[in-house]
Structure formats: structure tokens, C-alpha cells
Amino acid sequence: MKLLTPVLSAPFRALLSIFFLFGAFACQEVTPPPASPPNVILVVVDDLGWQDLSIQGSKKYETPHIDQLAQGGMRFTDAYAACAVCSPSRAALMTGRYPVRYGVTDWIRSRFQGGEIPEDNKNPQGFTYTEDKPLMVPENALWLERREITLAEWLKPAGYTSAHIGKWHLGPDDWYPTRQGFDENYGGCDYGQPPSYFDPYSRPEHAHPMIQAGIPTLTPRDSGEYLTDREGDEAVAFIERNAQQGPFFLYLAHYAVHTPIQAKDSLTAAYEAKLADKGGHASYAAMIASVDEAMGKILATLKKEKLEENTLILFTSDNGGLDQEGWPTDNAPLRSGKGYPYEGGIRVPFIAYWPGTIAAGQESSRLVTGVDVFPTLAEIAGLDLPPETSIDGYSLWTHFKKGAETAVGRGPLFWHFPHYRGRDVAPYSIIREGKWKLIRYYDGTPTELYDLENDLGESRNLATDEINQVRMMETRLDAWLLATSAKVPRAKPAAN
């Protein structure tokens with residue numbers, strides 16, 4: 001008897017794909033949470049490239065304290081930001097949800113950059129276009145809505161006191177960290193970059209009628225003080241105040257190493273000598289060194305307060321390094337950099353450090369992404385996930401506890417960037433599943449398919465050779481876009 005292959009309708013294929021996409025999460029292995037919730041320190045560096053740490057292979061930059069985290073914990077080789085630009089990836093860290101679900105799919109414009117608050121106090125929902133681009137694209141949100149549940153809000157019932165230090169970039173005053181669950185805020189505002197890295201952190205062109213020229217939530221204290229040093233000091237002070245007060249959640253979101261490229265003279269001079277025969281950018285190296293110094297202060301404070309074995313540190317970047325001609329970052333062997341759909345734009349360092357709980361010296365090749373942070377911390381704190389809220393991430397707690405070879409039964413990873421960026425980035429969506437990565441463009445650019453296991457630099461587009469693989473992945477991508485109610489670019493209205 002001849003067996004017939006059923007022909008499935010498009011809607012049924014989409015629903016079937018959704019089942020296979022999200023069904024894996026129902027079979028997650030459960031590991032009991034620790035007896036008492038640990039302190040949590042989440043460190044996010046701005047625009048730090050995948051190769052910018054010595055533990056990641058850099059021969060130019062020195063990061064001994066960050067390296068200590070990797071040597072004493074678990075380092076992930078295939079970790080990703082939820083977007084190739086900052087605001088969406090930061091929102092994903094805070095919510096455990098893909099940016100497409102709440103409309104923060106591009107970086108948020110600060111008020112001095114034209115990000116004015118609408119009179120109706122509502123985020124824009126429509127589409128926009130310019131004459132020089134062929135597609136209409138969704139308007140980006142101007143803030144993360146307060147109805148979104150943040151990590152700080154969700155950890156509070158478990159007794160956590162929380163502080164945000166550094167870059168927030170998820171909305172103006174009414175959406176600052178203290179309006180989103182944090183107890184304290186030092187430096188978080190609508191800025192995507194500091195006016196200056198030196199106290200009083202001001203620049204006249206950043207002035208706006210509604211805010212001061214400097215960072216409005218960070219009071220100047222010592223003229224000429226370096227911002228990354230100040231962030232480190234605020235982190236140390238917060239840890240010391242809360243060392244004996246129950247669990248704390250510290251979100252240290254460094255403004256470094258984002259532009260402007262400014263560093264302390266002493267460190268810059270030291271790296272000019274060190275890099276004389278290696279090439280590289282001394283000021284950029286010095287900025288990275290300052291981030292590492294801040295980590296050193298934190299580690300020393302945890303040791304002094306005897307909190308080392310009761311504190312989980314997660315370290316990552318909000319997107320790939322800004323890799324372009326004349327710029328100090330070099331993401332090689334990854335292709336391209338910040339803003340682009342290639343690995344240089346979305347693959348980031350990710351380290352988990354918890355002495356006595358996470359075994360030292362582990363390297364994991366499991367796929368992880370920024371949306372995993374929320375469910376991981378919720379499970380470690382003994383909390384259920386928010387009801388009636390779609391959490392897209394996968395908890396890494398069992399992986400941390402049982403080791404790098406523990407299977408992580410997750411589905412594919414997704415990205416959606418329905419915007420133009422600069423001269424050569426067209427709207428795109430991405431799916432990564434196993435070794436395969438597919439990039440779909442919305443402007444007619446041919447689909448790209450890469451085998452990352454054998455072509456990390458994404459130099460060989462296999463889309464025409466692997467047609468069945470492309471079809472399968474595009475079906476799953478379509479299902480995900482449908483399930484998340486994603487806004488995709490559309491044709492511009494016809495001229496009258």
C-alpha cells in the first residue's frame with residue numbers, strides 16, 4: 001500500500017510549529033532551588049564585543065578580574081543578546097520576554113535626540129517611513145511600559161532589596177528604574193550614552209528643557225572622577241549597606257564601553273606602551289580595564305563581607321561590539337558588529353559565577369540568550385513565573401547546578417529587527433536552531449543560511465544548497481512571528 005503524505009494547511013502548519021517551538025519547555029528538568037535565596041549581581045557592559053575579554057581570546061585587552069569569574073564558574077561560548085542594539089536587549093534582560101512582545105525593537109531615542117513624550121502619554125503604535133527607504137516600518141516604543149514585570153518587581157516578594165547602577169535607557173522620568181521596581185537608582189535615565197565619562201558628566205548639547213545637562217540621576221561628587229569608577233563605588237556601597245540585611249539584587253549596567261571613547265589618562269598611557277607592538281586602541285583598552293577594575297572592587301567587597309558563596313554573579317554585554325572602519329572594536333572571527341544580524345552583532349560574552357554552587361572552570365556550548373536571565377533568577381529565588389505573562393526564556397538553574405554538559409531542552413532562538421539602521425542594515429528576522437542560523441530580510445535581499453558549526457564567520461550562504469532546511473526554519477520563524485504578534489515591515493502607500 002502506498003503511504004500518502006498529508007498536505008497541511010498554512011494555519012495548521014503554523015500551529016504545529018508553535019507546538020514544537022514551545023513544547024520543549026514543558027519537559028524541563030526541575031532542580032530544587034537553594035535553601036535560601038542568594039544575592040544576585042547582574043553586570044551588563046555596553047557594546048562589549050565577544051572577543052574583548054582576555055578570557056575570550058583577546059591579545060590586546062587585559063581583564064584579570066572578569067577572567068576570574070570565568071575561571072571560577074561557567075563561561076558560555078554560544079550566548080546571545082536578545083537584539084543587536086541596546087534598549088531591546090536590556091528590556092529582555094529585565095522581563096524575560098522577547099522585545100517583539102512589547103514593541104521595544106530598536107534603541108530608544110533620548111529626549112535630547114528627539115524622543116519626545118506624546119501628549120496622550122501613550123507609546124506610538126503605527127508605522128513610519130522615509131522617502132529614501134522602500135518599506136514602512138513599525139514605530140519604536142519610547143519606553144518600556146510599566147505593566148511589564150521587571151526582575152526587580154518579581155524578586156521583591158522573595159525579600160530582595162534592589163539597586164540599578166549605570167545605564168537604563170528604557171524610558172524617561174516616569175519609566176526610570178525606581179518606577180519599575182528598583183529601590184535605588186544611580187545613573188539610570190533615558191540616556192543611551194553618557195554626555196561625558198568625567199564628573200560632572202555633562203555636555204551642553206545634551207541639555208533639554210526637561211532635564212539637566214548631566215546625568216540627572218547621578219549627583220556629581222568629585223570633579224574629574226571617572227564614571228566607571230563611580231559606578232563601581234556605588235556598587236560597593238550598596239553591597240556593604242545590604243550585606244547583613246537579606247538578599248539583594250544589584251543591576252550594574254556600565255555605560256562603558258559605549259561612545260564617547262574616553263578613559264583615564266593613567267590607564268591610557270599604560271596601554272599605549274603595552275599595545276605599541278600589537279596595534280589596538282589604547283583608550284578603548286583603558287575603558288575595558290576600568291570595567292575590570294570595578295569588578296575587582298566588587299569581588300574584594302564580597303570577600304570582605306563573607307558573601308562569596310551566597311552571591312551569584314552574571315556577566316554579559318547588551319549587544320556585540322561596534323565593529324566598523326576606524327573603530328577600536330574587532331569582533332573577528334565573528335562577522336560584522338553592533339546592529340547587524342551577523343554573529344558580531346548578537347553573540348556576546350556570558351559568564352555565571354557562584355562559588356560552591358557552580359563548579360569552577362566550566363565551558364558550556366549550550367545556547368543561551370538574555371531572556372533566560374529572568375526565569376533563571378526566578379527559579380533560584382524559589383518563585384513561580386508571572387501568571388498570564390508569556391516568558392520566553394529558559395531557566396539555566398539546573399544547568400548551573402548539574403554542570404556544563406547538562407542538556408538544555410530548549411527550542412530555537414529568535415530575533416526581530418523590523419527597522420533600517422544606517423546605510424546598509426535592512427529590516428530582518430533571525431532564527432537559530434542547533435548549528436543552523438537563518439536570516440530573513442524584508443526588503444527583497446535574499447535569505448541567508450549559515451552553518452555556524454563549520455562557518456563561524458558566516459562567509460558561505462547555504463540557502464540555495466539547503467532548501468529543505470530553509471523551508472523548515474522559515475516555517476518555524478513564521479509561527480513565532482504569528483505567536484508573538486510581531487509587526488513586520490510593509491509596503492509604503494502608493495503615491496497619489
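Visitor: Which residue is the bridge partner of His-416 in E14?

Guide: In this predicted model, the residue of E14 that is bridged to His-416 is Ser-429. The pair belongs to a longer contact, since five bridges join E13 to strand E14 (residues 428-433), and the two strands run antiparallel.

Visitor: What makes E13 and E14 count as paired strands?

Guide: Two strands pair if at least two bridges are found between them, and here there are five bridges, so the condition is met and the two are called paired.

Visitor: What makes strand E13 mostly covered?

Guide: A residue is called buried when its relative accessible area is under 20%, and five of the five residues in strand E13 (residues 413-417) are buried. Leu-413, Trp-415 and Phe-417 point one way from the strand, Phe-414 and His-416 point the other way, and all are buried.

Visitor: Why is the protein chain called as compact as a globular protein of its length?

Guide: Its radius of gyration is 22 Å, which is close to the 23 Å that the globule rule gives for 496 residues, so the chain is as compact as a globular protein of that length. The C-alpha trace spans about 80 × 60 × 55 Å along its principal axes, and the secondary structure comes to eleven helices and 17 strands. Of the 496 residues, 59% count as buried.

Visitor: How many of the contacts in the protein chain join residues at least 24 apart?

Guide: Among contacts between residues at least 6 apart in sequence, 70% join residues at least 24 apart. One pair that can be looked up in the structure is Tyr-160 and Pro-247, which are 87 residues apart in sequence and 5.0 Å apart in space, C-alpha to C-alpha.

Visitor: Why is Tyr-160 called buried?

Guide: The relative accessible area of Tyr-160 is 4%, and the cut-off for a buried residue is under 20%, so Tyr-160 is classed as buried. Tyr-160 lies in the loop between helix H4 (151-155) and E6. Leaving aside neighbours within four places in sequence, the residues in contact with Tyr-160 include Pro-37, Pro-38, Asp-183, Pro-247, Phe-249 and Ala-381.

Visitor: Which strands does E6 pair with, and in which sense?

Guide: Six bridges join E6 to strand E8 (residues 248-253), and these two run parallel; E6 also pairs with strand E7 (residues 184-186) in the parallel sense, over three bridges. His-164 takes part on both sides, standing opposite Tyr-251 in E8 and having Asn-185 as its bridge partner in E7. Strand E6 (residues 161-166) is mostly covered, with five of its six residues buried.

Visitor: What makes strands E4 and E17 edge strands?

Guide: The open sheet of three strands has the order E4-E5-E17, with antiparallel pairing. Strand E4 (127-128) and strand E17 (490-491) each pair on one side only, and they are the edge strands. Strand E5 (residues 135-138) is joined to E17 by two bridges, and in E17 the bridge partner of Met-136 is Arg-490.

Visitor: Are His-169 and Lys-306, whose phi values are positive, buried or exposed?

Guide: His-169 has a phi of about 60° although it is not a glycine, and this residue lies in the loop between E6 and E7. Its relative accessible area is 1%, which falls under the 20% cut-off, so His-169 is buried. Lys-306 likewise has a positive phi, near 60°, in a residue other than glycine, and is found in the loop between helix H7 (282-304) and E9. Its relative accessibility is 73%, over the 50% required, so Lys-306 counts as exposed.

Visitor: Where are the cis peptide bonds that involve Val-257 and Pro-333?

Guide: The peptide bond from Ala-256 to Val-257 is cis, with omega near 10°, and Val-257 lies in the loop between E8 and helix H6 (265-274). A cis peptide bond also joins Ala-332 and Pro-333, with omega about 15°; Pro-333 is found in the loop between strand E9 (311-317) and helix H8 (343-346).

Note on methods. Residues numbered from 1 in each chain as written. Predicted model: local features only at pLDDT ≥ 70, side-chain atom pairs only at ≥ 80, totals over all residues. Heavy atoms only, no water. Helix = DSSP H or I, 4+ residues; strand = E, 2+ residues; numbered from the N terminus. Rg over C-alpha atoms; globule rule 2.2 N^0.38 Å. Buried < 20%, exposed > 50% of the residue type's maximum accessible area, 1.4 Å probe, protein only. Contact = heavy atoms within 4.5 Å.
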